[in-house]
Amino acid sequence: MADVEEKDTVIIGAGPGGYVAAIRAAELGQKVTVIEKDDSLGGVCLNVGCVPSKALIQAGHRFQNAQHAETYGITAGDASLDFDKLQEWKDTKVVQRMTNGVKMLFKKHKIEVIRGEAFLDNNNQLRVMDPGPRQFMDNGGGQTIHFKNLIIATGSRPIEINGFKFGGRVIDSTGLLNIKELPKELVIVGGGYIGTELAGAFADLGTHVTILEGTSQIIPNFEKTMVSVVVKHLKKKGIDIVTNAMAKSAKDNGDNVEVTYEVDGKSTTIKADYVMVSVGRKPNTDTFGLEMTDVKLTDRGLVEVDEQGRTSVSNIYAVGDITAGPALAHKAFFEGKTAAGAISGKNTANDYIGVPAVCFTDPEMASVGLTETEAKNQKLDVKVAKFPFAGNARAVSLDSTDGFVKLISDKKTGTILGGQIIGPSASDLISEISLAVNCQLNEEDIALTIHPHPTLGEPVQEAADILIGYPTNV
């Protein structure tokens with residue numbers, strides 16, 4: 001049997017939750033070891049998820065701007081797209097730069113990295129095996145590590161549905177982001193965050209996209225008034241949206257794929273170059289021996305944790321997609337810091353009310369705290385104010401006036417309970433409202449904060465002015 005190595009804080013997974021936890025733990029004086037099975041650090045988000053997808057979204061916007069600059073009196077001629085060059089830029093100038101940044105930070109903080117797959121033996125010990133397929137494992141194989149504390153940050157993977165086995169022209173979001181050719185026809189099964197964002201990106205690049213959504217509304221986690229603006233823009237891009245559609249099967253013909261779906265019992269088959277399935281993600285809690293420990297899971301396969309990320313085993317913590325709540329990188333960031341602090345004896349705790357949800361559609365959508373519907377469902381006595389981007393000088397100059405800022409406050413105290421933004425740079429603007437929710441600021445705190453003019457941030461102040469009863473530009 002291999003010698004047992006003693007380690008202080010061990011982290012399984014170097015994605016958003018894992019690498020942030022590692023850095024914070026090292027800053028707090030812990031000796032940190034990270035086990036990562038992939039060649040690059042950063043996990044799904046940095047390598048094949050949120051970062052590269054935003055790069056393609058931005059490229060799509062640039063391509064559309066180059067083709068349609070006549071609004072500004074600019075004639076640029078026919079713009080063309082070199083898809084190979086775009087993918088090279090995404091991979092080397094964006095993804096590689098960010099993952100190399102994490103590598104540099106690990107070196108700076110003297111964080112040890114072990115390449116391989118971790119398998120738990122019990123509540124205090126694990127083995128690290130070389131990544132890849134194995135016919136069998138014996139208890140004496142691999143590198144054996146006895147840990148003082150463990151943070152599990154193994155993330156999630158795409159769900160594979162019946163009739164759509166991944167392979168060939170049936171792909172997940174990772175496959176679509178790394179595709180070698182720009183498809184002329186693309187079918188996307190699932191109109192959630194990932195599906196809708198990538199639908200917009202590829203439509204901007206010149207692909208005809210069909211979205212098949214099983215419910216009555218795409219992006220169901222956002223309010224209908226916000227989604228309706230996005231739907232208008234998606235249709236303007238030529239995207240076909242089919243709701244209440246049950247995807248049945250995909251037939252890969254080698255040079256195309258036939259997708260069959262049903263709406264109200266009526267079957268329809270469409271042909272495309274590729275079909276991407278994006279119907280949710282499954283927590284990675286079933287592949288590394290959790291059953292050998294006393295860690296408790298929910299019926300959905302999520303790890304049960306307390307407010308500090310501690311599991312039912314006192315020296316084992318879990319963060320990110322394997323815990324309850326939205327599968328968001330910034331949620332994992334926060335949880336990683338909380339767990340690292342808890343191990344060092346800090347009075348840290350996770351508080352999810354101020355976690356913003358963002359969808360990088362066109363226009364962007366962002367929400368934090370309570371929505372109007374949620375406030376009403378809780379029978380709270382609230383005030384609601386909405387200010388349109390059409391009344392904002394900066395948005396007008398950007399020719400991007402669709403959307404609004406919406407604030408919800410407690411009628412008695414004026415405390416900001418939540419806010420939603422749909423419009424230009426919503427992903428950036430939501431942080432101000434997130435701060436207000438986290439700090440329990442009131443409507444006057446925002447209304448009396450001087451916002452520079454002309455900027456996209458002014459509608460937040462304008463909405464606060466409405467809440468206090470002194471609207472300026474409506």
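So, C359: why does the sulfur of C359 make no bond? The closest cysteine sulfur sits in C50, and at 13 Å that is too far for a bond. By a disulfide I mean a pair of cysteine sulfur atoms within 2.5 Å. C359 is also buried, with a relative accessible area of 0%; buried is under 20% relative accessible area, exposed is over 50%, and partly exposed lies in between, using a 1.4 Å probe and protein chains only.

Quick housekeeping. This is a predicted model, where local features need pLDDT of at least 70 and side-chain atom pairs count only at pLDDT 80 or more, while totals for chains, interfaces and linings use all residues. Residues are numbered from 1 along each chain as its sequence is written, and side-chain values use heavy atoms, with hydrogens and water left out.

Okay, how many disulfides does the structure hold? Just 1 disulfide. C45 and C50 form that one, with their sulfur atoms 1.8 Å apart. The torsion about the S-S bond is about -135°, so the disulfide is left-handed. C45 counts as buried, because its relative accessibility is 10%, whereas C50 comes in at 28% and counts as partly exposed. While we're on cysteines, C439 is partly exposed too, at 45% relative accessibility.

Now, C50 takes us to helix 3, residues 50-67. Helices here are DSSP runs of H or I with at least four residues, strands are runs of E with at least two, and both are numbered from the N terminus. The axes of helix 3 and helix 4 (residues 83-108) come within 10 Å and cross at roughly 135°. Those axes are lines fitted to C-alpha atoms over the stretch in contact, with angles from 0 to 180 degrees between N-to-C directions. The two helices are therefore oblique to each other; under 35 degrees would be roughly parallel, over 145 roughly antiparallel, 65 to 115 roughly perpendicular, and the rest is oblique. Who makes the contact, meaning heavy atoms within 4.5 Å? On helix 3 it's V51, P52, A55, L56 and A59, and on helix 4 it's L86, Q87, W89, K90, V94, V95 and M98.

Last bit, the strands. Strand 18 is residues 357-359, and 3 bridges join strand 18 to strand 19, running antiparallel; strands pair if DSSP finds at least two bridges between them. They form a hairpin with 4 residues between them, and A357 has S367 as its bridge partner. On the other pairing, 6 bridges join strand 19 to strand 22 (residues 416-423), again antiparallel, with E364 opposite G423. Strand 19, residues 364-369, is mostly covered: 6 of its 6 residues are buried.

Conventions
Contact means heavy atoms within 4.5 Å.
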